[in-house]
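Here is a walk through one protein model, from its inner spaces to its metal site and its strands. Keep the structure open next to the text as you read.

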Amino acid sequence: MTTLLINIKQLLQVRETNVSKVSGADMKQLPMLENAYVYLVDDKIASFGLMADIEIASADTIIDCTNKVVLPTWCDSHTHLVYAGNRAQEFVDRINGLSYEEIANRGGGILNSAKKLQETSEDALFEQSATRLENVMHMGIGAIEIKSGYGLTTEAELKMLRVAKRLKEIYNFPIKTTFLGAHAVPANFKENQDGYMDLVINEMLPKVAEENLAEYVDIFCEKGYFTLEDTERLLQAAQQYKLIPKIHVNQFNAFGGVALGVQYNALSVDHLEELNDEDIQALQGSNTMPVALPSCSYFLSIPYTPARKIIDAGLPIALATDYNPGSTPSGNMNFVVSTACIKMKMTPEEAINAATINGAYAMGLSETHGSITQGKAANLIITKEIESFHVLPYAFGDNCIDKVLINGSVI
Ligand SMILES: [Zn+2]
């Protein structure tokens, strides 16, 4: 099957050579072609160039992109998309003045999601999650990471990861999975955190590895959740199963989680709303991608990740949704890109780099996704008619997407 996109007003993120990520001042560069074409053969990008140079005469499908922008689909490297029910009631409670602690004491928070998930069958969980996945695909996501972490028992954690695996098989869509058993301490281990870490490390981790359910390991390294010692224990244990760390750090407090992640070769360190100079230093010269989650800051009214400080230090940054029922009930990467521009003072070029090629890097997918490059997956966004790509973040709240192609097919 061949597909030809013609008369593209702006074709964004064209990379002739394979760039795995972009950092620092380079993030301001978003290579593009004006009045361009892209030629897709089956599920891959076969070629692209200027309309003036086009040599392809026919294709099974021709899509006219006059006045439209084409770019690679978003790469969302941090989600908790597999979950049961929602926490809309807590949202209302919070508006009415209850604190996060008061909500937690009433049985809310992560433990509320865990209870719902434990009570939901694997099939029902799959149905709910599939609906969410289809929804975000239509909003332009073409690769995604999904974490466990609302199970908090061995059985329920495995259930979550099996659902993610089923999604991967059915949708023929790049889904990377992360084991996040250490997301919160369940109520029955409240006085025995070490006991819960024993369960995570000695029982859950080996089973996850045995069933080959995850590539990455994660932990909520934060005051009131898991300590640096817990984090180090887990990352050390995960090494023998070749699970690579992608960890939640510095959401509310900076106390050394970033450096620890770098020390264990984390692929990414995510959140970073609180970031000090030692954290920046730790990231310098490392292979670890800092990941910002601006929708979470928006929803919780907490500080935004200091993107300028990160970029101005010469580092890369990726953007992701953190789609989850508690702190970010939205998987909309378009909103993430807008919010990064509006609230984090990233330029549209930086935000699009962060949401495509750098997002791909944060999932180990930059060889196959995240840019318009010959041989990469034919996962593309075609916008509606817009003046320029600047409109994507500018017209926040608008749906600027006309079509999404996954593996060369319009979905
Ligand atoms: Zn998260």
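## Spaces inside the model

The largest cavity has a lining of four nonpolar, six polar and no charged residues. (Ala, Val, Leu, Ile, Met, Phe, Trp, Tyr, Cys and Pro count as nonpolar, Asp, Glu, Lys and Arg as charged, and the others, Gly among them, as polar.) This is a predicted model, where local features need pLDDT of at least 70 and side-chain atom pairs count only at pLDDT 80 or more, while totals for chains, interfaces and linings use all residues. Residues are numbered from 1 along each chain as its sequence is written, and side-chain values use heavy atoms, with hydrogens and water left out.

How big is that largest cavity? Its volume is about 50 Å³, and the model has one cavity of 30 Å³ or more. To find its walls, look for Ile-45, Pro-72, Thr-73 and Cys-75, then for Thr-368, His-369, Gly-370, Ser-371, Ala-377 and Asn-379. On a 1 Å grid over the protein atoms alone, a cavity is where a 1.4 Å probe fits but cannot get out, a pocket is an open set with protein on both sides within 12 Å along at least five of seven lines, and lining residues have an atom within 4 Å of a point. Points are joined across faces, edges and corners, and the volume is the space filled by probe spheres set on them.

The pockets are open sets, and here are two of them side by side.

| Pocket | Volume | Lining residues | Classes in the lining |
|---|---|---|---|
| Largest pocket | about 750 Å³ | 21 residues | 12 nonpolar, six polar, three charged |
| Second largest pocket | about 440 Å³ | 31 residues | 16 nonpolar, 10 polar, five charged |

In the largest pocket, Tyr-100, Ala-104, Leu-111, Gly-224 and Tyr-225 lie nearest the centre. The elements that give two or more residues to that lining are helix H2 (100–105) and helix H3 (110–119), and H2 supplies the largest share, four residues. (Helices, H or I with at least four residues, and strands, E with at least two, are DSSP runs numbered from the N terminus.)

For the second largest pocket, the residues nearest the centre are Arg-87, Asn-324, Pro-325, Gly-326 and Ser-327. H1, H2 and helix H10 (294–300) each give two or more residues to its lining, with H1 giving the most, four residues.

## The zinc site

Which atoms hold the zinc ion? His-78, His-80 and His-248 each coordinate the zinc ion through NE2, and Asp-322 does so through OD, at 2.1 to 2.2 Å. Donors are N, O and S atoms within 2.8 Å of the metal (3.2 Å for Na, K and Ca), and water is not among the atoms, so sites may look incomplete. Along the chain, the donors follow the spacing H-x1-H-x167-H-x73-D.

His-78 sits in the loop between strand E6 (74–76) and helix H1 (88–95), and Asp-322 in the loop between strand E13 (318–319) and helix H12 (333–344), so the pair ties together parts that are 244 residues apart in sequence. Both His-78 and Asp-322 are buried. (Buried means under 20% relative accessible area, exposed over 50%, and partly exposed in between, with a 1.4 Å probe and protein chains only.)

Why does the arrangement count as irregular? The four donor atoms subtend angles of 84 to 166 degrees around the zinc ion, and that makes it irregular. Four donors are tetrahedral if all angles lie between 85 and 135 degrees; four are square planar and six octahedral if opposite donors are over 155 degrees apart and all others between 65 and 115; anything else is irregular.

## Strands and two odd loops

E6 and E13 turn up again in an open sheet of eight strands, in the order E6-E7-E8-E9-E10-E11-E12-E13, with parallel pairing. They are its edge strands, each pairing on one side only. (Two strands pair if DSSP finds at least two bridges between them.) Inside this order, strand E8 (residues 175–182) and strand E9 (residues 216–221) pair in the parallel sense over three bridges, and Thr-178 stands opposite Tyr-216 in E9.

Elsewhere the pairing is antiparallel: strand E5 (residues 68–72) pairs that way with strand E14 (residues 380–385) over four bridges. Lys-68 has Glu-385 in E14 as its bridge partner. E14 also pairs with strand E15 (residues 401–406) in the antiparallel sense, over four bridges, with Thr-383 opposite Ile-401 in E15.

Most residues other than glycine have a negative phi. Lys-242 has a positive phi near 60 degrees, and it lies in the loop between helix H7 (228–239) and strand E10 (244–249). Leu-272 has a positive phi of about 60 degrees, in the loop between strand E11 (268–271) and helix H9 (277–283). Is each one buried or exposed? Lys-242 is exposed at 70% relative accessibility, whereas Leu-272 is buried at 0%.
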